[in-house]
Amino acid sequence: MRDILVLCPQERDVTAIRAAHLEERYRIHFEGSDLDQLVEFDPEAFLDEAAQIPAAGVIGTKDQSALLAALLAERRSLPGPTPEALVALQHKPTSRERQRRAAPEATPAFAPLENGFPFEVPFFVKPVVGRLSQNAYRIDDLADLVGLQEIDSYTARYARIAALAGADPASVHGFLAEELLAGDEVTLEGYVSGGAVTTIGVTDSVKYPGTLSFERFEYPSKLSEERQAALSEVAERVLPALEFDGGFFNVEFFVPENGPAQIIEVNGRIASQFAPLAQSLHGRSTYDALFELACGDDPAWRTGIPDGVAVSFVVRVFEDGLVEAVPDPEEGLEVLVRPGLFLSEQGENDAQSYRLAILYGSGETREEAVERCRERAASLNFRLAPAPVR
């Protein structure tokens with residue numbers, strides 16, 4: 001059995017690894033805690049400790065833990081993406097510039113916000129380094145820019161980690177302005193092995209009406225096979241241009257009814273929330289493929305659009321509140337909040353809403369899968385008290 005080192009695991013990692021029965025094939029070492037649950041973190045000391053643990057491969061499933069895994073893999077001469085490639089990919093201005101060279105038709109207009117206001121309103125702004133649509137806003141009036149703030153703790157920690165890969169810590173601060181895009185929002189997930197890009201699948205992203213907050217993710221996409229093949233062709237140009245190899249990636253797109261798809265962003269990590277969807281329909285977890293890739297093997301994923309539909313459904317509310325009670329644990333349910341705290345004090349939330357839970361369901365048709373998820377979401381016993389008016 002080979003040793004796999006999982007850095008800073010989130011609870012979802014443990015659940016997915018057990019669901020895929022990977023503990024029967026690997027000796028798995030979970031090292032550290034989910035970084036989003038930590039206040040203080042010393043990346044250099046952490047890597048020094050992790051260097052002592054046996055490993056044939058090392059992984060991380062969030063942006064920062066994936067970068068830590070790349071740093072550790074390089075130090076130990078293990079397979080995986082280079083830290084420099086991940087930093088270039090995660091730094092949105094650098095990533096956009098390389099995307100533009102490789103796939104100009106799929107890259108929206110962009111400019112650092114510090115260069116002034118390159119677009120007429122409305123336009124979109126996002127942190128130079130960010131996550132989960134946090135602090136990403138549509139700007140309809142230049143006055144909206146006054147209150148822009150970075151996620152201080154996240155950005156500061158990322159700067160310390162990226163510095164170990166040779167990045168300038170100052171470069172991770174600031175915002176990027178981009179032209180406003182429209183169309184169906186989808187995510188293409190895949191991996192790169194030996195320079196060859198493999199698409200696992202395309203997932204539709206569906207938002208709560210009138211918001212920027214995701215309600216659910218439906219796999220496989222309802223896009224035509226031809227349209228999905230065109231997205232794969234873009235990925236086959238962009239990932240090599242980013243010098244990314246030996247790892248999982250996902251590319252988010254807007255797909256208009258007519259014209260080329262536009263890249264929202266490229267992430268150099270597994271889409272962990274989609275792993276149950278792939279396992280439900282393919283009979284194989286993407287974590288299984290991730291482990292093989294981390295050990296230097298080609299996962300040989302059997303490509304193709306599967307039968308049926310699987311859904312990841314996000315239970316959200318749009319007002320802050322004190323969490324008084326949450327549902328009991330059950331299979332296919334991730335509870336993201338805990339009692340005794342306000343929603344604003346916990347969880348990974350976007351600018352408009354608060355996530356309570358993620359649940360998973362499937363069906364023979366899209367309508368059946370979505371309805372099952374909605375019924376289950378409505379039955380969950382969350383009890384929230386209103387937050388005081390400030």
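# A guided tour from R316 outward

Begin by selecting R316, which is buried, with a relative accessible area of 12%. The coordinates in the viewer are those of a predicted model. Next, add D350, whose side chain forms a salt bridge with R316; the closest N and O atoms are 3.5 Å apart. This pair links distant parts of the chain, since R316 belongs to strand β13 and D350 to the loop between β15 (333–335) and β16, 34 residues apart. D350 has a relative accessibility of 16% and therefore counts as buried, the limit for that term being under 20%.

**Strand β13 and its partners**

Extend the selection to the whole of strand β13, residues 309–317. Eight of its nine residues are buried, so the strand is largely enclosed by the rest of the structure. Now display strand β10 (residues 214–219), which pairs with β13 in the antiparallel sense over four bridges. To find the register, select Y219 and look for A310 of β13 opposite Y219. Then display strand β16 (residues 354–363), which also pairs with β13 in the antiparallel sense, over nine bridges. Here the residues to select are F313 and L359, the latter in β16, which stand opposite each other.

**A network of charged residues**

Select D204, E215, R216, E218, K222, R366 and R374 together, and a network of linked salt bridges appears. A search of the whole structure finds 32 salt bridges.

**Helix α5**

Move to helix α5, residues 92–102, and colour K92, P93, S95, R96, Q99 and A102, which are buried. What do the buried residues of α5 pack against? Show α4 (83–90), α7 (225–241) and the strands β4 (110–112), β5 (123–127), β7 (175–179) and β12 (262–267) to see these contacts.

Within α5, select E97 and R100, which form a salt bridge with their closest N and O atoms 2.5 Å apart. The two residues are three apart in the helix, so about one helical turn separates them. E97 is partly exposed at 28% relative accessibility, and R100 is partly exposed at 37%.

Follow the chain into the loop between α5 and β4 and select E105, then add R237 in helix α7. Their side chains meet in a salt bridge of 2.6 Å, N to O. Because E105 and R237 sit in these two elements, the pair ties together parts that are 132 residues apart in sequence. Are these two residues buried or partly exposed? E105 is partly exposed, with a relative accessible area of 32%, and R237 counts as partly exposed at 28% relative accessibility.

**The nonpolar cores**

Finally, hide the charged side chains and turn to the nonpolar ones. In soluble globular proteins, nonpolar side chains tend to be buried together. The largest nonpolar core of this model has 56 residues. Select L7, L68, L231, L239, F249 and F253, the residues with the most contacts inside that core. Which helix supplies the largest share of the core? Helix α3, residues 63–75, does so with eight residues. Apart from this core lies another, of 23 residues; L22, Y26, I59 and L293 are among them and make a suitable last selection.

Key
Residues numbered from 1 in each chain as written. Predicted model: local features only at pLDDT ≥ 70, side-chain atom pairs only at ≥ 80, totals over all residues. Heavy atoms only, no water. Core = buried A, V, L, I, M, F, W, Y, C linked by side-chain atoms within 4.5 Å. Buried < 20%, exposed > 50% of the residue type's maximum accessible area, 1.4 Å probe, protein only. Pairing = 2+ DSSP bridges. Contact = heavy atoms within 4.5 Å. Salt bridge = Lys/Arg side-chain N within 4 Å of Asp/Glu carboxyl O.
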